[in-house]
Structure formats: structure tokens, C-alpha cells
Amino acid sequence: MAKDCQYCGTSVFIPEQGALVLNSIHPHQGGKEFPLRLTYESPEAKVYSYKNKDELRLALVDWFEGSTPDYWVHILNTENSQSFPISIQHLYERLQYPELAELIHSGSFQSHLQPIVDMKNNRVYGYESLLRTKDLSVPPGELFSYASRSGLQSMLDQKARRTAVKAKSEHLNAGDKIFINFLPSTIYVPEFCLKHTFQIVKEFNIDPEDLVFEVVETEKIDDVEHLKSILETYKASGMKVALDDVGSGYSTLEMLSLLQPDYLKIDRSYIQNCHSDVNNQAFLFDVMERANQLNIHVLAEGIELQEEWEWLQQLGVDFGQGYYIGKPQAVPEKEFILP
């Protein structure tokens with residue numbers, strides 16, 4: 001479990017005036033002492049006070065000179081004597097870009113919903129929820145990159161899940177599936193960490209059967225058993241699970257048999273020009289065979305051409321998603337007609 005796990009999803013703000021508590025054997029940057037006023041020292045710890053957050057930010061900039069080591073400290077609120085742990089890197093990022101930290105804390109987001117169509121009858125099956133800021137001022141890639149650098153991934157992941165479930169309740173009908181991305185690295189103990197998600201589902205009175213949680217494409221999975229535990233926890237609550245952007249690493253029969261996802265979302269690189277690229281076709285034939293053996297639904301994402309759509313239909317792919325079908329929208333169209 002992460003050192004700051006107890007603060008997962010909790011709005012923890014850096015006090016305007018306070019102190020930084022460092023281990024007495026903390027690493028010195030280039031032999032320099034930490035550039036704040038030393039107010040207390042013991043064999044175990046040193047306490048450095050700051051008058052405002054800008055003074056603390058400048059001290060970190062001066063100490064690190066562009067290099068932020070993976071070193072943990074405690075931030076002390078001198079007004080109420082409360083403290084919380086934080087890594088130097090996370091602290092540095094939150095002080096450098098406070099507007100992004102505040103955006104994540106406030107949860108000022110909305111979901112843009114992209115249609116997913118049943119390729120057997122050309123009807124809408126569900127939608128993927130894609131997180132956006134309400135004013136569209138921060139690109140999603142920049143937001144998630146900052147969350148990773150600042151240690152706010154868990155909080156952003158929780159806010160994204162809440163935003164998606166709320167969008168489901170406001171814009172979609174009962175029976176419409178909603179596909180929601182999640183970061184496995186933010187879920188340390190599934191039975192505990194996912195309670196927040198299950199409470200949201202009850203709050204908005206959503207049928208768990210309508211929710212599909214999919215592993216985010218950028219997440220590198222090293223602990224397959226841990227991922228399996230997460231997926232099983234979702235499924236035990238009546239929800240569905242998906243592997244997103246499936247490539248050669250997740251397409252082995254052994255891996256699919258172990259994880260038992262309900263859906264496979266094929267990486268768009270294998271969908272592009274699938275009607276003419278023989279290498280992509282060979283991969284898709286192989287994935288379809290393995291998915292059929294395990295009774296797993298296959299979803300092709302990134303469909304942009306009519307030729308791709310028609311070839312995938314003939315192959316027997318279950319569901320399709322992409323700009324050829326429809327772009328993400330804050331409020332999805334009620335009537336849906338394929339181009």
C-alpha cells in the first residue's frame with residue numbers, strides 16, 4: 001500500500017504557512033542544506049519553517065535545481081499541528097502548478113460520451129466516457145500527466161469515475177452500457193479502494209450491469225495477479241470489465257483465460273486499414289479465435305473508414321467505436337444513424 005494511501009481521494013491542501021519535516025539523514029542536493037529557516041532539530045528529524053507557499057516553492061526550486069528526488073517528507077500545519085506525508089516530487093509539482101492541483105481537487109469535470117455500436121444490428125449498445133474539464137481549458141493528456149507527476153492520480157481517477165456515473169444517470173437510458181476507464185495503479189486493496197465507486201453507483205441509482213470498467217491503455221501492468229483481483233472485485237459487484245487497447249501482450253489465450261474480461265477493446269493501430277493490411281488482418285483473426293474460445297466480446301475502437309467498418313462486420317466483430325460512427329459529445333444524440 002502506498003505511503004499516502006490514507007489520503008487517497010481526500011482534499012489535502014498545503015497550508016499557506018507551515019513547516020517541512022525532513023529526516024535528519026535526508027539527501028543533500030550538491031552538499032547544500034535545505035534553504036529554509038531551521039527551527040527544530042533532533043537525531044531523527046529537522047524542521048524547516050516557511051512563511052508562505054511561494055517561499056516554500058522557491059526553496060524547492062533552489063534546492064533541487066531541476067532535479068526532484070523520490071524522497072518523502074511531512075508537511076506540518078503549524079496552526080493546528082496536523083501533518084501529512086508527501087514526496088518531494090509531488091510537493092514540488094503541486095506548488096509549481098497550483099491551478100491544476102485545484103482543478104483536480106474541485107472535480108470541475110464533465111464526461112464526453114462516444115457511441116459504441118452493435119455491429120450485428122447497427123444499434124447503439126453504449127458509450128465510452130471520456131473525461132474533460134468543464135471549460136475544456138486543459139487537454140486530457142496534460143491533466144493526466146500532471147496527476148501522475150503530482151501524486152494526484154488516485155484523486156483524479158475517483159473524480160473521473162464519479163463524473164462518468166453521473167453522466168450515465170443524466171444522459172443515458174437504462175440498459176445503455178457506459179465504459180469507464182480506470183488506473184489499476186491507483187487501486188491498492190480492491191475491496192477497500194473500490195468502495196467509493198460502489199457508493200457512487202448506489203447514490204445515482206445505476207444498475208451495476210450497465211457499467212463496464214476498462215483498464216486504461218497507458219497503464220503498464222506488471223502485477224497480473226493484482227489486476228485479476230481488481231477485475232474480480234468489479235465483477236463480484238455485478239459490473240463488467242474490459243481490457244482496453246489490446247495488443248499482442250494481452251491477446252494470449254493464457255492471459256485472457258486468467259483475467260476473464262467481458263470485453264476486449266482492440267488497439268486502434270490494428271484497426272487502421274484493416275481492410276487492406278494483411279498483418280493487421282492476421283492479428284485480428286487470431287484475437288477473434290481466442291475470444292470466441294473464451295466467450296469474450298470483441299470491440300474494435302478507432303474505426304474511421306467505411307471500408308474498415310465493413311471488413312470488421314464480415315469478420316464478426318461484436319462492437320465498433322470510432323469517428324466513422326460518432327465523435328464524443330457532452331450530450332449524446334438521441335437519434336443515431338450510421339454515416
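Before I turn to the strands, let me say that two strands are taken to pair if DSSP finds at least two bridges between them. With that in mind, and remembering throughout that what we have here is a predicted model, we can look at strand E7, residues 123-133, and strand E8, residues 177-182, which run parallel and are joined by four bridges. One residue to pick out on E7 is Tyr127, whose bridge partner in E8 is Ile178. Both strands belong to a closed barrel of eight strands, which runs E6-E7-E8-E9-E10-E11-E12-E13 and has mixed pairing.

How far should we trust the coordinates? The mean pLDDT of the protein is 86, and 86% of its residues reach 70 or more. Residues 1-7 need more caution, since pLDDT stays under 50 there, although the model has 14 contacts beyond four places in sequence for that stretch. Where pLDDT is low, the predicted coordinates should not be read in detail.

Let me now go to the interior, where the largest nonpolar core holds 52 residues, and where Tyr234, Leu284 and Leu312 touch the most other members. The largest share of this core, five residues, is contributed by helix H11, which covers residues 278-294. Apart from this core there lies another, of 21 residues, which includes Leu36, Tyr50, Phe64 and Phe84. If we come back to Leu312 and leave aside its neighbours within four places in sequence, we find it in contact with Met119, Ile271, Cys274, Leu284, Ala300, Ile303 and Val317.

The aromatic residues are my next topic, and the structure holds 12 aromatic pairs. Ring pairs link Tyr125, Phe179, Tyr263 and Phe319 into a cluster. A ring can also lie under a charge, as with Tyr323, over whose ring sits the charged end of Lys327, 5.2 Å from the ring centre.

I would like to finish with Pro332, which is found in the segment after strand E13, itself residues 319-320. Is Pro332 buried or exposed? Its relative accessibility is 6%, and because buried means under 20%, Pro332 counts as buried. As for what surrounds Pro332, once its neighbours within four places in sequence are set aside, the residues in contact with it are Leu113, Tyr127, His171 and Leu172. Of these, Leu113 is 219 residues away from Pro332 in sequence, yet the two are 6.3 Å apart in space, C-alpha to C-alpha. Tyr127 brings us back to where we began, as this contact of Pro332 is also the residue whose bridge partner in E8 is Ile178.

Technical notes
Residues are numbered from 1 along each chain as its sequence is written. This is a predicted model: local features need pLDDT of at least 70, side-chain atom pairs count only at pLDDT 80 or more; totals for chains, interfaces and linings use all residues. Side-chain values use heavy atoms; hydrogens and water are left out. Helices (H or I, at least four residues) and strands (E, at least two) are DSSP runs, numbered from the N terminus. Buried means under 20% relative accessible area, exposed over 50%, partly exposed in between (1.4 Å probe, protein chains only). Contact means heavy atoms within 4.5 Å. Rings of Phe, Tyr and Trp (its six-membered ring) pair if their centres lie within 6.5 Å; planes under 30 degrees apart count as stacked, over 60 as edge-to-face and the rest as tilted. A charge sits over a ring if NZ of Lys or CZ of Arg is within 6 Å of the ring centre and within 35 degrees of the ring normal. pLDDT is the predictor's confidence in each residue, from 0 to 100. A nonpolar core is a set of buried Ala, Val, Leu, Ile, Met, Phe, Trp, Tyr and Cys residues joined through side-chain atoms within 4.5 Å.
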